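Please walk through this structure with me in the viewer, one selection at a time. Each stop says what to select and what is there.

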Amino acid sequence: MLDIQLLRNDLDGVAERLATRGYTLDCAGFRRLDSERKTLQTRTQDLQARRNALSRQVGVAKSRAEDVTAILDEVAACKAELETNEAHLDQLLAELDAFVARVPNLPQADVPLGRSADDNVENKRWGTPRSFAFTPRDHVDLGEALGQMDFAAAVKISGTRFSLIKGQLAHLHRALAQFMLDTHTAQHGYTEVYSPYLVNAASLFGTGQLPKFEDDLFKILRPEAEPLYLIPTAEVPVTNIVRNEILSAEALPLKFVCHTPCFRSEAGSYGRDTRGMIRQHQFDKVELVQIVAAEASSAAHEELTAHAERILELLEL
């Protein structure tokens, strides 16, 4: 979630940067809410100061045996208005929190602008793409022909957007995860984590999935407890290991690797890229997470990218 002070101090600049990723920031709505908040807080502070001053006047007047009825009436009026204002202020602050929680992160200043994948900038090339003397077949045709992919069975068991793999392909699926875990722990210095696959709302809020992307989550309702959500990525439970924790600089960096199934509803993606194992409700992923000091984040991002690239290089892809 963005620091609300960033919005207060540079709202137009934030809106301009978000526009590059196709998001329209409601500047007028934010200014209205924040102006109401500021006015109400100022009025509340004035009322509190007035009530305190009146309370002192009551004490002085009583010591002089003077009638304090009018003063007490004004104290009561101040108290009543304060209670109303505090309730309204709580509502405004909740609305502001909800507003800011839905604002996306800002893109890095050096991210190239573009409207589609056609505008992507190639930063690195490794190896030479393979050429074939025949027309390659896609994974669906190959998997089904080998009897190791069964989408019809997956539909029967669960519905669309699920896959069932077996035999050597299931073995390969398991072996790839082990290979990635072993590489990252032995060569790249990560600590392996086994995490829960169900998380609470606070965890998803902490990593930005809630409230913006709730439609993409699978929610598990429980009659006598708060709902839980199936994780869309291991990033959620792993990052939340340090939620609400204050870490010493000496303890950093923390480097975690975690293999989990991931669950996504893929809301809004129907009709796009749905053949085979693309845009599945369930898939496996080996996730890398680093917890570092803010000033080291750019370097950590480059290191994470290099570690992911190394897997592709070792597989000669």
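How many residues does the hairpin use to join E3 to E4? Two residues make the link from E3 to E4. Keep in mind throughout that this is a predicted model.

**Stop 1: the hairpin and its sheet**

Select residues 218-222, which are strand E3, and residues 225-230, which are strand E4. These two strands run antiparallel and are paired over four bridges. Two of the residue pairs can be picked out by name. Ile220 has Leu228 of E4 as its bridge partner, and Lys219 has Tyr229 of E4.

Now add residues 198-199, strand E2. E2 pairs with E4, again in the antiparallel sense, over two bridges. Look at Tyr229 once more: in addition to being the bridge partner of Lys219, Tyr229 of E4 stands opposite Val199.

With the three strands shown together, the order across the sheet reads E2-E4-E3, and the sheet is open, with antiparallel pairing. E2 and E3 are the edge strands, each pairing on one side only.

**Stop 2: helix H2**

Move to residues 11-19, helix H2. Which residues of this helix are buried? They are Leu11, Gly13, Val14, Ala15 and Leu18. To see what they pack against, display residues 4-9, helix H1, and residues 27-63, helix H3. The buried residues of H2 pack against both of these helices.

**Stop 3: Val103**

Leave Leu18 displayed and select Val103. Val103 sits in the loop that runs from helix H4 (69-101) to helix H5 (139-145). Is Val103 buried or exposed? Its relative accessibility is 1%, so Val103 counts as buried, the cut-off being under 20%.

To see what surrounds Val103, show its contacts, setting aside neighbours within four places in sequence: Leu2, Leu18, Tyr23, Leu25 and Lys212. Leu18 among these contacts is also one of the buried residues of H2.

Next, draw a distance from Val103 to Leu47. The two residues are 56 positions apart along the chain, and their C-alpha atoms are separated by 34 Å.

**Stop 4: the whole chain**

Zoom out and colour by secondary structure. The protein has ten helices and six strands. Along the principal axes, its C-alpha atoms fill a box of roughly 105 × 45 × 40 Å. The radius of gyration is 28 Å, whereas a compact globule of 317 residues would have one near 20 Å.

Switch to a surface view. About 20500 Å² is accessible, and carbon and sulfur atoms contribute 52% of that area. Of the 317 residues, 30% count as buried. Among contacts with a separation of 6 or more, 69% are between residues 24 or more positions apart.

Finally, colour by charge. There are 35 positive and 46 negative side chains, and the centres of the two sets lie 2 Å apart.

Definitions and conventions. Residues are numbered from 1 along each chain as its sequence is written. This is a predicted model: local features need pLDDT of at least 70, side-chain atom pairs count only at pLDDT 80 or more; totals for chains, interfaces and linings use all residues. Side-chain values use heavy atoms; hydrogens and water are left out. The radius of gyration is taken over C-alpha atoms; the globule rule is 2.2 Å times the number of residues to the power 0.38. Buried means under 20% relative accessible area, exposed over 50%, partly exposed in between (1.4 Å probe, protein chains only). Contact means heavy atoms within 4.5 Å. Accessible areas come from the Shrake-Rupley method with a 1.4 Å probe; for residues, only the protein chains shown count as cover. Lys and Arg count as positive and Asp and Glu as negative; His and the chain ends are not counted. The place of a charge is taken as NZ of Lys, CZ of Arg, CG of Asp or CD of Glu. Two strands pair if DSSP finds at least two bridges between them.
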